[in-house]
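This report describes one protein chain for a reader who is new to structural work. The sequence and the structure should be kept in view while reading.

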Amino acid sequence: MSSKRYAQVDKEYCVSCGTCTKACPLQAISVPDGISAVVELARCIGCCLCARECPASVIKVVTADV
């Protein structure tokens, strides 16, 4: 079994500013309908750039078994 790192957004507290979308080098994050950031897990490499740039500090990078 292998593991994968990816960004996870706390949707309850996301302010939908779009800062994470600009920080992501792979365009793995979007803010559809201006509601909350959504991570496309297949594209995300867990680089932490979005989490570092998030002004609300609601993004963390987690590791999961795949």
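Accessible areas are obtained with the Shrake-Rupley method, using a 1.4 Å probe. For this chain, the accessible surface comes to about 4,300 Å², and carbon and sulfur atoms account for 51% of that surface. The model discussed here is predicted.

**Overall fold**

The chain contains two helices and four strands. In sequence order, these elements follow the pattern β-α-β-β-α-β. The radius of gyration is 11 Å, close to the 11 Å that the globule rule gives for 66 residues, so the chain is as compact as a globular protein of that length. Along the principal axes, a box of roughly 35 × 20 × 20 Å is filled by the C-alpha atoms.

Contacts also link distant parts of the sequence. Of the contacts in the chain with a separation of 6 or more, 64% are between residues 24 or more positions apart.

**The interior**

How much of the chain is buried? Buried residues make up 33% of the 66 residues. In soluble globular proteins, nonpolar side chains tend to be buried together. In this model, the largest nonpolar core has 16 residues, and V9 and I59 are those with the most contacts inside it. Strands β1 (3-9) and β4 (59-65) each supply at least two residues of this core. The strand that gives the most is β1, with three residues.

The surroundings of V9 can be followed residue by residue. Leaving aside residues up to four places away in sequence, V9 touches C14, S36, A37, V39, V58 and I59. Its partners thus include I59, one of the two residues named above for their contacts inside the core.

**The cysteines**

A disulfide is a covalent bond between the sulfur atoms of two cysteines. How many disulfides does the structure hold? The number is zero. Two cysteines illustrate this result, and the table gives their values.

| Cysteine | Nearest cysteine sulfur | Distance | Relative accessible area |
|---|---|---|---|
| C20 | that of C14 | 6.2 Å | 6% |
| C50 | that of C44 | 6.1 Å | 6% |

Why is C20 in no disulfide? A disulfide requires two cysteine sulfur atoms within 2.5 Å, whereas the nearest cysteine sulfur to C20 is 6.2 Å away, so the pair does not qualify. The reasoning for C50 rests on a distance of 6.1 Å to the sulfur of C44, against the cut-off of 2.5 Å.

Are C20 and C50 buried or exposed? Buried means under 20% relative accessible area; C20 is therefore buried at 6%, and C50 is buried at 6%.

Methods. Residues are numbered from 1 along each chain as its sequence is written. This is a predicted model: local features need pLDDT of at least 70, side-chain atom pairs count only at pLDDT 80 or more; totals for chains, interfaces and linings use all residues. Side-chain values use heavy atoms; hydrogens and water are left out. Buried means under 20% relative accessible area, exposed over 50%, partly exposed in between (1.4 Å probe, protein chains only). A nonpolar core is a set of buried Ala, Val, Leu, Ile, Met, Phe, Trp, Tyr and Cys residues joined through side-chain atoms within 4.5 Å. Contact means heavy atoms within 4.5 Å. The radius of gyration is taken over C-alpha atoms; the globule rule is 2.2 Å times the number of residues to the power 0.38.
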